[in-house]
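Trainee: Please take me through one part of this structure closely, and then place it in the rest of the chain. I would like to know what faces in, what faces out, and how you can tell.

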Amino acid sequence: MSAILEIRDLRKVYDGGFEALKGVTLDIEEGEILALLGPNGAGKTTLISTLCGITEPTSGTATVAGYDIKTQYREARKLIGLVPQEINLEPFSYVETNLHFSRGIFGKPRDTAKVEEVLRKLALWEKRSNRVRELSGGMKRRVLIGKALAHEPRVLFLDEPTAGVDVSLRKEMWDVVAELKKQGVTIILTTHYIEEAEAMADRVAVIRGGEILMVEKTGDLMRRLGRKELTVELREPLAEIPAPLAEYDLELSADGLSLTYRYDTQADRTGIAGLMRAFSEAGIILRDLHTSQSSLEEIFVGLVEGEGEAQ
Ligand SMILES: Nc1ncnc2c1ncn2[C@@H]1O[C@H](COP(=O)(O)OP(=O)(O)OP(=O)(O)O)[C@@H](O)[C@H]1O
């Protein structure tokens, strides 16, 4: 896979001096779903708006399929579809008309077959002749996605697709996103919910205070989320991990004086009792023990705190 979006040291300082993006660098692979996870005010919308050309970056660069978002704005923007957070549809407009109109804005010729394809993909074909006001909330959100897809973009931004929607609608949205991924669309979605990132995303980028704190595959992230570390200080240094301890996930420090054991707090058994027995059988004398949470947990605790402050 190759990167379709390359973001390099992107900064945004708003008029008045507030620095909303502090040098964001990120690559997004073609066909992947990336969740941008962060508390209120983290800079998620600013990042999306900057990439879509709604907000000017103060410095740094970004390219979409090689096109620079500033110097080759038109080419770059054509490749992007943006689904905003708010439902901003004209209530009396017809579903199908919205999609035709959207294609027109991007200078694409009228294409009934293409619009039909998008409407079918979003299970909206039966509703094509309905007015927006006659649709359910979930359908309206799908029309927004349809509008964003009508000009055949390669990258789709979904800004909080499920903010304020009920559980069944949230699941419906997850299914729509999964279907789009199958069709090869690259998707970047913003969310406050770890659960949502887990359900949809291939990778998660955590943003806070205008900085990307980490980017990681969703599966790895979830595995690490429930993990803790036990550090065992030894009286005598070890040259290597002794054979009786080989079955445990242990890491020996460079000075040989401490061993770190990672365990899953959500597992039925942490394995600590067995590990302690193995230490004793191997004749290893312990000086001290302490546990710590993995840094990822700290990041998430920090995120939750950040969210609390903003509300
Ligand atoms: N036009 C603006 N002028 C000045 N500051 C702004 C402007 N737009 C956003 N900000 C500030 O930039 C920071 C990032 O805002 P942004 O909307 O990007 O965050 P977000 O992560 O999308 O938050 P939310 O989850 O609440 O939508 C916030 O502190 C916000 O107040």
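Mentor: A residue counts as exposed if 12 or fewer other C-beta atoms lie within 10 Å of its own, as buried if 20 or more do, and as partly exposed in between. Keep in mind that the model is predicted.

The part to look at is helix α4, residues 112-121. Three of its residues, Val115, Val118 and Leu119, are buried. These three lie on the same side of α4, because the arc they cover around the axis is only 100°. On the face of α4 turned away from that buried side are Ala113 and Arg120, both exposed. That answers your in-and-out question for the helix: Val115, Val118 and Leu119 are buried, while Ala113 and Arg120 are exposed on the face turned away from them. The cover over the buried residues of α4 includes two other helices, α3 (95-105) and α5 (137-149). Just after α4 comes Ala123, with a positive phi of about 55°. Most residues other than glycine have a negative phi.

Now for the rest of the chain. The protein has 311 residues, 30% of which count as buried. Its secondary structure comes to ten helices and 14 strands, and the C-alpha trace spans about 80 × 40 × 40 Å along its principal axes. There are two domains, domain 1 (3-223) and domain 2 (227-293), with C-alpha centres 45 Å apart. Contacts in the protein reach far along the sequence: among those between residues at least 6 apart, 70% join residues at least 24 apart.

Start at the N-terminal strands. An open sheet is formed by four strands in the order β2-β1-β4-β5, with antiparallel pairing. Its edge strands are β2 and β5 (67-68), each of which pairs on one side only. Strand β1 (residues 3-13) runs antiparallel to strand β2 (residues 19-29), and eight bridges join the two. Within that pair, Lys12 stands opposite Leu21 in β2. The hairpin of β1 and β2 has five residues between the strands, and Gly16 there takes a positive phi near 105°. β1 also pairs with strand β4 (residues 59-64), again in the antiparallel sense, over five bridges. Here Leu5 stands opposite Val64 in β4.

Two residues in this region deserve a check of their backbone. Asp9, in strand β1, has a phi near 50°, a positive value in a residue other than glycine. Asp9 counts as partly exposed because it has 14 C-beta neighbours inside 10 Å. Ala65 sits in the loop between β4 and β5, and its phi is also positive, near 50°. With 18 other C-beta atoms within 10 Å, Ala65 is partly exposed as well.

Next, the ligand. The residues surrounding the ligand are Tyr14, Gly16, Phe18, Ala20, Gly38, Asn40, Gly41, Ala42, Gly43, Lys44, Thr45 and Thr46. Gly16, then, has two roles in this account: a residue with positive phi in the hairpin of β1 and β2, and a member of the ligand shell. Helix α1 (residues 44-51) gives the most to the shell, with three residues. By class the shell has four nonpolar, seven polar and one charged residues.

Two more buried positions complete the picture. Glu196 is found in helix α7 (residues 194-200). Glu196 counts as buried because it has 22 C-beta neighbours inside 10 Å. Leaving out residues up to four places away in sequence, Glu196 touches Thr162 and Thr191. Ile80 is 116 residues from Glu196 along the chain, and the C-alpha atoms of the two are separated by 22 Å.

The other position is Tyr261, in strand β13 (residues 258-264). Tyr261 is buried, with 20 other C-beta atoms within 10 Å. Not counting residues up to four places away in sequence, Tyr261 touches Glu229, Leu230, Val232, Tyr248, Asp249, Leu250 and Leu275. Gly271 is ten residues from Tyr261 in sequence, with a C-alpha to C-alpha separation of 9.6 Å.

Note on methods: Residues numbered from 1 in each chain as written. Predicted model: local features only at pLDDT ≥ 70, side-chain atom pairs only at ≥ 80, totals over all residues. Near = placed C-beta within 6 Å. Nonpolar A, V, L, I, M, F, W, Y, C, P; charged D, E, K, R; others polar. Contact = placed C-beta atoms within 7 Å. Arc of directions from axis to C-beta. Pairing = 2+ DSSP bridges. Domains from an automatic or database assignment.
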